[in-house]
Amino acid sequence: MDLSVIIPVYNSEKIINNLVDQIIDSIKNIHTINSYEIILINDCSPDSSWEKIKLLSKKYSVVKGISLAENFGQHNAIMAGLKECSGEKIITMDDDLQ
């Protein structure tokens with residue numbers, strides 16, 4: 001795996017589709033990346049973020065989802081993603097495309 005993109009998610013049901021679409025479009029333009037994964041870690045969001053993550057993982061084979069049992073915070077969500085990723089290079093980013 002060339003690249004892992006790790007994103008903690010909290011209350012992002014309205015923007016998560018756009019987030020994933022933009023990441024996929026951006027990575028398509030990087031010709032040195034042959035394989036990648038996008039790992040979305042739901043930090044116990046009270047909205048429907050987890051449902052959106054499950055739908056996105058069915059739609060795109062590169063999307064993987066992790067749902068934490070309780071709200072552990074952004075740093076712990078990133079650590080959960082780091083534990084599960086397999087990319088030679090790793091990018092962490094916020095769920096608001098920052």
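**View 1. Lys54 and its partner in helix H2.** Let's start with Lys54, which is partly exposed, with a relative accessible area of 33%. This is a predicted model, by the way. The side chain of Lys54 meets that of Glu51 in a salt bridge, 3.2 Å from N to O. Glu51 is partly exposed too, at a relative accessible area of 43%. Both sit in helix H2 (residues 49-59), and because they are 3 residues apart there, about one helical turn separates them. Side chains of opposite charge can pair when their charged atoms come close.

**View 2. A salt bridge between Lys64 and Glu37.** The structure holds 2 salt bridges, and here the side chains of Lys64 and Glu37 meet at 2.7 Å, N to O. Lys64 belongs to strand S3 (residues 63-67) and Glu37 to strand S2 (residues 36-42), so this pair ties together parts that are 27 residues apart in sequence. Have a look at how the two ends sit: Glu37 is buried, with a relative accessible area of 1%, whereas Lys64 is partly exposed, at 38%.

**View 3. A nonpolar patch on the surface.** Three residues, Met79, Leu82 and Ile90, make a nonpolar surface patch of about 260 Å². One of them, Met79, is part of helix H3, which covers residues 74-84.

**View 4. Asn18 in helix H1.** Asn18 is found in helix H1, made of residues 16-28. Asn18 is partly exposed, with a relative accessible area of 42%. For a sense of distance, pick out Tyr36 as well: Asn18 and Tyr36 are 18 residues apart along the chain, and their C-alpha atoms are separated by 18 Å.

Terms used. Residues numbered from 1 in each chain as written. Predicted model: local features only at pLDDT ≥ 70, side-chain atom pairs only at ≥ 80, totals over all residues. Heavy atoms only, no water. Patch = residues over 30% accessible without salt bridge, like charges linked within 9 Å, V, L, I, M, F, W, Y side chains within 5 Å. Areas by Shrake-Rupley, 256 points an atom, 1.4 Å probe, with all protein chains shown as cover. Salt bridge = Lys/Arg side-chain N within 4 Å of Asp/Glu carboxyl O. Helix = DSSP H or I, 4+ residues; strand = E, 2+ residues; numbered from the N terminus. Buried < 20%, exposed > 50% of the residue type's maximum accessible area, 1.4 Å probe, protein only.
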